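Ready for a few hands-on exercises? Have a look at the chain below, then work through the tasks one at a time, with a solution after each.

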Amino acid sequence: IWFHELRYEGTPGLWHTILWIAQHWFHLPYASLGVIGVLCAAAGAALILWKAPFPRPLSYLLLFSYFIVYQYAVVARSYNLLPLLVFAAAYFYRDRAHPVRMTVALILLANVAVHGTFLAAAFGLCFLIEAIKEWPKLDEAVRRRYWLCGAAIMLTFLFLFFILRPTPDVKEFAKSEVAQDPASYTSWVRFKEVLAFAFLDQPLLSALFLFLAGLWCFKRGRLLPFLLPTSLMLFLFEAVHGRAHHHGTVFVATIAALWIAWPTSTEMQKFSPFDRRTTYAMAGLLACLFCVNIWDAAVVMRNDYLYPYSGSDDAARYLKQVGADKSTIFGYTYGMAAIQAFFDHDILENIPTTYYHEGLPLHGEVIDFREIRAAAPQYVIIFSHAPQAEFEEIDRPLRSSGYALVHFSEGRILYKRLVDFGTSYFIYQRIGPVPAQAPVQ
């Protein structure tokens, strides 16, 4: 995993290692994925509840906001570790006498995802700048620990560079027939999207929130810990790689920066009336942000009960029911990995790995009707994010090749208050011999 496959996913392997241990050491079933995710989320929630510097009502509101209570909790993936580790870095930020604690948090954070690596670099740099300012006050033993911690972090980044350094057969960096983002999905559109959905669901209001929060951090002397992580997350989404679940990285980075900048009770006692009023205003602004996100969380949880999040479970049940896994099956696109997880062996003849390998040659990336016609598998499964539109494209050539749609497993894309078709599966079965002149597209 670490030395071969991670470069194809472009993400560090802490989450992969946790799942590997759960599977190989404890033999936990696939369903335990949700339990592992919620345990990570619960640890982050506990840190917020007991260690966040915000007034207690704000901490409760933060706990029930969309990214904390749903996106990085219910949806089990590596980002569930982000709140725990980012907020741990924010908690240790002011402790200059114990750099080892901060270093452990940053190294773990750097191994969560590429976004975590950027955040670890940003918060680590800010922490180092603050430590340099206080260098004359630190004793010799603490200084030595800083040197060792700095070396450990640099070695971590160097290790990740070599592990994730793409090779010529990595899909994202190779010429292939993989569809690219439409031209209409411009950088400006992407920027407005992440700005809106990371905060107040509307770009102008979200920009105003960021501006006011930045002003407050500047007045607190904490502009760099605010500006650097937040801008890096915005840049990473807009310029490099961004999907809906990455919006939360901007949200978490901003809240961590405000965590760092938040005054202690001792500082509040020394504040002037103006400083106290601006802090109360910032608390009110955060309350508005969290309340909007609580609304989002309530709606998405309701929708999660109303709609299937993914069609993979239903598709796997159907395949087991008809004994399809004992025959020949061809599957297409990366979504097949979600079905493979329900079986203890590779059920697909055209994809040589049970996980989806993101390197060239791209097995099962594009629906290959020539391949289907030549091999004539008993079943063909197609994962779709837009089933209504794609049905028109795939049904006719498959029917002409001797196949009929026997099952459809619906899944929905649930994000905040949005519900859309997606994560669905078409299951076709061969009902007769392949016609000699079956059309090929």
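Let's warm up with two tyrosines: Tyr66 is buried, and so is Tyr415. Keep in mind that you're looking at a predicted model.

**Exercise 1. Work out what kind of ring pair Tyr66 and Tyr415 make, and where the two partners sit.**

Solution.
- Step 1: check the distance. The ring centres of Tyr66 and Tyr415 are 5.4 Å apart, and rings pair if their centres lie within 6.5 Å.
- Step 2: check the angle. There are 80° between the planes of Tyr66 and Tyr415, and planes over 60 degrees apart count as edge-to-face. That's the label for this pair: edge-to-face.
- Step 3: find the partners. Tyr66 belongs to helix α5 (residues 66–71), while Tyr415 belongs to strand β4 (residues 412–415). With their positions 349 residues apart, the pair links distant parts of the chain.
- Step 4: look around. Tyr66 and Tyr415 are both members of a cluster linked by ring pairs, along with Phe67, Tyr70, Tyr72, Tyr79, Phe197, Phe251, Phe290. Across the model, the count of aromatic pairs comes to 26.

**Exercise 2. Do the same for Trp135 and Tyr146, then decide how covered each one is.**

Solution.
- Step 1: the ring centres of Trp135 and Tyr146 are 5.8 Å apart and the planes stand at 70°, so this pair is edge-to-face.
- Step 2: Trp135 is in the loop between α8 (114–133) and α9 (140–164), and Tyr146 is in helix α9, so the pair ties together parts 11 residues apart in sequence.
- Step 3: buried means under 20% relative accessible area. Tyr146 has 8%, so Tyr146 is buried. Trp135 has 25%, so Trp135 comes out as partly exposed.

**Exercise 3. Find a charged side chain over the ring of Trp295, and another over Phe343.**

Solution.
- Step 1: start at Trp295. The charged end of Arg417 sits over this ring, 3.8 Å from its centre.
- Step 2: go to Phe343. Here Lys320 lies over the face, at 5.2 Å from the ring centre.

**Exercise 4. Describe how strand β2 is covered, and which strands pair with β2.**

Solution.
- Step 1: locate the strand. β2 spans residues 379–384.
- Step 2: sort the side chains. In a regular strand they alternate between the two faces of the sheet. In β2, Tyr379, Ile381 and Phe383 point one way, and Val380, Ile382 and Ser384 point the other way.
- Step 3: check the cover. Six of the six residues of β2 are buried, so this strand is largely enclosed by the rest of the structure.
- Step 4: meet one partner. β1 runs parallel to β2 and is joined to β2 by four bridges. Across this pairing, Gly331 has Ile381 as its bridge partner, and Tyr332 stands opposite Ile382.
- Step 5: meet another. β6 (residues 424–430) runs antiparallel to β2, with six bridges between them. Here Tyr379 stands opposite Gln429.
- Step 6: glance back at β1 (residues 329–332). Both of its faces are covered too: Ile329 and Gly331 are buried on one side, Phe330 and Tyr332 on the other.

**Exercise 5. Compare the surroundings of Leu28 and Ala198: is each one buried or partly exposed?**

Solution.
- Step 1: Leu28 sits in the loop between α2 (14–24) and α3 (32–51). Its relative accessible area is 38%, so Leu28 is partly exposed.
- Step 2: Leu28 joins Ile1, Trp20, Trp25 and Phe26 in a nonpolar surface patch, with about 570 Å² of accessible area together.
- Step 3: Ala198 is also in a loop, the one between α10 (187–197) and α11 (203–219). At 0% relative accessible area, Ala198 is buried.
- Step 4: Ala198 and Phe251 are 53 residues apart in sequence, but 5.4 Å apart in space, C-alpha to C-alpha.

**Exercise 6. Spot some unusual backbone geometry at Pro361, Ala376 and Lys416.**

Solution.
- Step 1: recall the background. Most residues other than glycine have a negative phi, and most peptide bonds are trans.
- Step 2: the peptide bond from Leu360 to Pro361 is cis, with omega near 0°. Pro361 lies in the loop between α17 (336–340) and α18 (369–375).
- Step 3: Ala376 has a positive phi, near 50°. Look for Ala376 in the loop between α18 and β2.
- Step 4: Lys416 has a phi near 50° as well. Lys416 lies in the loop between β4 and β5 (418–421) and is buried, with a relative accessible area of 1%.

Key: Residues numbered from 1 in each chain as written. Heavy atoms only, no water. Buried < 20%, exposed > 50% of the residue type's maximum accessible area, 1.4 Å probe, protein only. Helix = DSSP H or I, 4+ residues; strand = E, 2+ residues; numbered from the N terminus. Pairing = 2+ DSSP bridges. Phe/Tyr/Trp six-rings, centres within 6.5 Å; stacked < 30°, edge-to-face > 60°. Lys NZ or Arg CZ within 6 Å of the ring centre and 35° of its normal. Patch = residues over 30% accessible without salt bridge, like charges linked within 9 Å, V, L, I, M, F, W, Y side chains within 5 Å. Areas by Shrake-Rupley, 256 points an atom, 1.4 Å probe, with all protein chains shown as cover. Salt bridge = Lys/Arg side-chain N within 4 Å of Asp/Glu carboxyl O.
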